Amino acid sequence: QLSCLVKVVTLHGIPKDLDSYPKDLLLFLSPSDYAATGSCREYFANIGKANLDVLQRESSQRKELLLEALACLKIPGMQVNEEDAEILGGLVCDLGGEYIRNSGGTLLKRLSQCESFLPDQEEAIRRVISGGNTTFGPPDTWSAFTLKELSGLIPVLDHSVLQKIPK
């Protein structure tokens with residue numbers, strides 16, 4: 001339905017008030033289509049707020065969006081900083097394990113909002129948390145507040161991490 005709606009909305013060109021349309025609609029436009037109304041950073045900031053589950057995980061369309069976002073943001077060396085993570089929004093859930101490992105704890109809070117993870121992502125999350133070099137500190141210093149902040153990551157944690165968390 002959204003794909004059809006985009007065709008109707010853009011029938012006579014890209015509307016100038018495109019930002020007033022639902023963010024999910026933007027998933028079916030390309031950054032070059034959006035360029036007429038704003039920058040690629042604005043486009044991906046809006047995409048990051050969209051419901052990415054409209055597109056199937058691991059779909060070519062979703063993978064292409066992530067690649068275009070990384071190119072637009074000029075993210076160096078597979079390391080995402082806080083500002084870029086903010087722009088990526090939900091696209092953070094599609095970042096591979098190497099991005100998660102290289103970004104340290106920067107992505108943990110955002111990743112905790114993801115619905116599911118691939119095995120490579122799970123391993124990277126465990127490694128980053130086990131290293132303890134995050135804003136949350138090592139698991140043996142965590143509080144109830146920390147667990148609430150990272151609640152979406154708890155199913156990913158293995159016994160070696162869970163046993164370190166204070167009761």
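This report describes charged and aromatic side-chain contacts in a predicted model.

**Salt bridges**

Eleven salt bridges are counted in the model, and three of them, given with their nitrogen-to-oxygen distances, are set out in the table below.

| Salt bridge | Distance (N to O) |
|---|---|
| Arg-62 and Asp-53 | 3.6 Å |
| Arg-101 and Glu-123 | 2.9 Å |
| Glu-123 and Arg-127 | 3.2 Å |

In the pair formed by Arg-62 and Asp-53, whose side chains meet at 3.6 Å, the two partners fall into opposite classes of accessibility. Arg-62 has a relative accessibility of 5% and therefore counts as buried, the limit for that class being under 20%. Asp-53, with a relative accessibility of 51%, counts as exposed because its value is over 50%.

The side chain of Glu-123 takes part in two of the tabulated bridges, one with Arg-101 and one with Arg-127. The bridge between Arg-101 and Glu-123, at 2.9 Å, links distant parts of the chain, since Arg-101 belongs to helix α6 (residues 97–102) and Glu-123 to helix α8 (residues 119–131), with their positions 22 residues apart in the numbering. Both of these partners are partly exposed: Arg-101 has a relative accessibility of 26%, and Glu-123 has a relative accessible area of 28%.

The bridge between Glu-123 and Arg-127, at 3.2 Å, has both of its partners in helix α8, where they are four residues apart and so are separated by about one helical turn. Glu-123 thus has one salt-bridge partner in helix α6 and another within helix α8. These contacts belong to a wider arrangement, in which Arg-101, Asp-120, Glu-123 and Arg-127 are linked in a network of salt bridges.

**Aromatic pair**

A search of the whole structure for paired aromatic rings finds one such pair. The pair consists of Tyr-43 and Phe-44, whose ring centres lie 4.8 Å apart and whose planes stand at 75°, so that the arrangement is classed as edge-to-face, for which the angle must be over 60 degrees. Both residues are buried: Tyr-43 has a relative accessibility of 0%, while Phe-44 has a relative accessible area of 1%.

Note on methods: Residues numbered from 1 in each chain as written. Predicted model: local features only at pLDDT ≥ 70, side-chain atom pairs only at ≥ 80, totals over all residues. Heavy atoms only, no water. Salt bridge = Lys/Arg side-chain N within 4 Å of Asp/Glu carboxyl O. Buried < 20%, exposed > 50% of the residue type's maximum accessible area, 1.4 Å probe, protein only. Helix = DSSP H or I, 4+ residues; strand = E, 2+ residues; numbered from the N terminus. Phe/Tyr/Trp six-rings, centres within 6.5 Å; stacked < 30°, edge-to-face > 60°.
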